[in-house]
Every structure is written in C-alpha cells, then in structure tokens.
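Reader: I have the model open on my screen and would like to know what stands behind the labels people put on it. Could you take me through a few of them?

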Amino acid sequence: MNVTSVLETPVGYGTLTVGSILSVIIILIVGIVIAKIVAMNVRRALHERVPKNDLEILTKIIYYVIVAWAVIIALPYLSIDLSGLLVAGGIAGLVIGFASQSVVSNLISGLFLMVERPIKIGDNIGVEGISGNIEDIRILSTVVKTYDGIYVRIPNEKVFTSNITNYVQNVARRFEYTVGIRYQDDADRAVRIIKEVIWNHPFALKSPAPSVYVDSLGDNSVNISVKIWAPSREWWDVKTDLLWKIKIELEQNGIEIPFPQRTLWFANDLKGDVSGRDGGS
C-alpha cells in the first residue's frame, strides 16, 4: 500500500479521507504557530509603549483572528459548504462593522500612534484645544491631564487626525518678553544688563543664544524685545523667574519701567483762562 492510497482511504464519515483529516490538522497547527509568533512579536514590539492590560487584549485579539482564519481555510477539507456561512458571516460582518466603526477607527489610530510615536507619556501637548500632559496612551483613547488638574479622555482617532502641538518634542523652547524703559534711560545699558541677567541664570541656554534688542518706540516707553531659550521641560519656571530678576536688576541700576502717561498742551486762550482762575484763587 503506497502513501497516496493511504491518504485517500475513507474514514467512514461522509467523504472524509485520511488525507483531508491530516490537511485540517496541519493547517490548524500552522495557523496556531503563526498566531503565536505574531502575538509574541507584537508583545515584544509594544511592551514599552502600551499598558500591560491593553497589550494582553490586543495580542489575544490578534491570536484568535489568525486562528479563526486558519479554521476557515481548513473547513473545506471537512466537506463543509462555506457558502451559507460566508453569506451569514458577511451580513453579520456588515452589521458589526457599522456598529463598531468608531471603535475600529480608534483601535487602528491607537496602533498608529504607538508605532509612529508622535507623542509619548509625559509629553506636554496641545490637541483639539486641549493642552496638558499625557498621562496614558491606551488602545482606544489618550488621557491628558490639563494644567488645571482635569483628566480628559480623547479618542485616538481624533488625536491621530488632528494637528498635534508637542511642546517638549524639541529639547529647547523659546519664550519672549517685551520690556519697556523710560525714554531718558540708556537703552544700550539696559540691553547689557538684561543680557547679564540671562547669562547668569543656570537654566537659560547659551546656545541657541538669547536675543535682546530695541524693538520699537512706544507711546510711553522704549520697548526692548527679549527672546530666551530654555530646556523644554523647564521653560515655564525659567520664564517666570527671569522676568522678575530683569525687573529688579534694571531698577537697581536706575532704569525704570514707566507707567502710561500723557502730556496735554492747552491752546493759548484756554491757558489764559486757567491762569486767570489761578490768580483769582
């Protein structure tokens, strides 16, 4: 008896043969092996980017989808007619697809966010008018803690398709002030003093260098533009600290920040009337 005749031997159940049973077993084994390999590689690739619970759910979904795909391939070898099953499955798929459209969209967007990584946990971002620190990136949504301490859940589809402002993607961030001084003060000296204050600050960056210059002549002051670079994660503390130090240092050197004032010139007739009133008092 040769191998071919053995494989074609009926097993006594319908048209099933030894060969068809072996084919089903091989297909299922290969499908399970492929599912385990894919799930294992997905787990390795995303274990630092996805929370553990979400990663377990994701790998299980991938595993069972691949196994189900192997079962569908194996069914014809058992002489099972898939036409009715495919029609029913197609209808069910359409219904489920419409019902879970947003879920699937958020899931796929979440996967792209994890792979492309435009944002990370701890980043300071702005998206869809919401600004704050990223607390968590989940399979379906991203959680942002606003500066007011409020947690906001944003669907991943909205995050992925929106313009994301990442304030800490670059290691350095620039901020600026406009410092006004009186017209009688020495603007060149004020610029030198401001540069010295910036230079002595431990977190104000020397490279890129700060930029300090007379920017405009205002109604009440000579306006000096001050642009400073600081580490992205320290910029707010540096910004609030430096402004006050600049103000104190300018005042200690006799340079004052003026308050709004207005000079009034009276016509001769009006001046005469005022003098007359003063004289009569």
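Reader: Where is Pro208 found?

Author: In this predicted model, Pro208 is found in the loop between helix H7 (187-200) and S7.

Reader: What makes the peptide bond from Ser207 to Pro208 cis?

Author: Look at omega: for the bond from Ser207 to Pro208 its value is near 0°, and the bond is cis.

Reader: Ser211 is found in strand S7. Why is Ser211 called partly exposed?

Author: The relative accessible area of Ser211 is 30%. Buried means under 20% and exposed means over 50%, so a value in between is called partly exposed. Ser211 also has a partner in space to look at: Ile228 is 17 residues away in sequence, with 6.6 Å from C-alpha to C-alpha.

Reader: Let's go to the sheet. In what order do the five strands stand?

Author: The order is S4-S3-S2-S1-S5, in an open sheet with antiparallel pairing.

Reader: What makes S4 and S5 the edges?

Author: Strand S4 (151-155) and strand S5 (165-166) each have a single partner strand, so one side of each has no neighbour in the sheet.

Reader: How do you know that S1 and S5 count as a pair?

Author: Two strands pair if there are at least two bridges between them. S1 (residues 124-127) and S5 have two bridges, in the antiparallel sense, so the pair meets the cut-off. Gly126 has Thr165 in S5 as its bridge partner.

Reader: And what joins S3 to S2 and to S4?

Author: Five bridges join S2 (residues 130-137) to S3, and five bridges join S3 to S4. Gly132 stands opposite Thr146 in S3, while Lys145 has Tyr151 in S4 as its bridge partner. There are hairpins here too: S2 and S3 have three residues between them, and S3 and S4 have four, with Gly149 in the turn at a positive phi of about 85°.

Reader: Why is S3 called mostly covered?

Author: Five of the six residues in S3 (residues 141-146) are buried.

Reader: What is there to say about phi of Glu128?

Author: Glu128 has a phi near 55°, a positive value in a residue other than glycine. Its place is in the loop between S1 and S2. With 49% relative accessibility, Glu128 counts as partly exposed, because exposed means over 50%.

Reader: How do you know that the buried residues of H8 line one face?

Author: Trp235, Val238, Leu242, Ile246 and Leu250 are buried in H8. Seen down the helix axis, the buried residues fall within an arc of 75°, so they line one face. The face turned away from them carries the exposed residues Trp236, Trp244 and Gln252.

Reader: How does the span of H8 compare with the expected one?

Author: H8 (residues 235-252) has 18 residues and reaches 26 Å from its first C-alpha to its last, close to the 26 Å expected at 1.5 Å a residue.

Reader: Last one: why can Val30 belong to the nonpolar patch on the surface?

Author: Patch residues need over 30% relative accessible area. Val30, in helix H2, has 43% relative accessibility and counts as partly exposed, so Val30 passes that cut-off. Leu22, Ile25, Trp69 and Ile73 are among the other members, and the patch has about 920 Å² of accessible area together. H2 (18-46) and H3 (52-74) each supply at least two residues, with the largest share, nine residues, from H2.

Notes: Residues are numbered from 1 along each chain as its sequence is written. This is a predicted model: local features need pLDDT of at least 70, side-chain atom pairs count only at pLDDT 80 or more; totals for chains, interfaces and linings use all residues. Side-chain values use heavy atoms; hydrogens and water are left out. Patches are made of residues with over 30% relative accessible area and no salt bridge: like charges are joined within 9 Å, nonpolar side chains (Val, Leu, Ile, Met, Phe, Trp, Tyr) within 5 Å. Accessible areas come from the Shrake-Rupley method with a 1.4 Å probe; for residues, only the protein chains shown count as cover. A salt bridge is a side-chain nitrogen of Lys or Arg within 4 Å of a carboxyl oxygen of Asp or Glu. Buried means under 20% relative accessible area, exposed over 50%, partly exposed in between (1.4 Å probe, protein chains only). The expected span of a helix is 1.5 Å times one less than its number of residues. The arc is that of the directions from the helix axis to the C-beta atoms.
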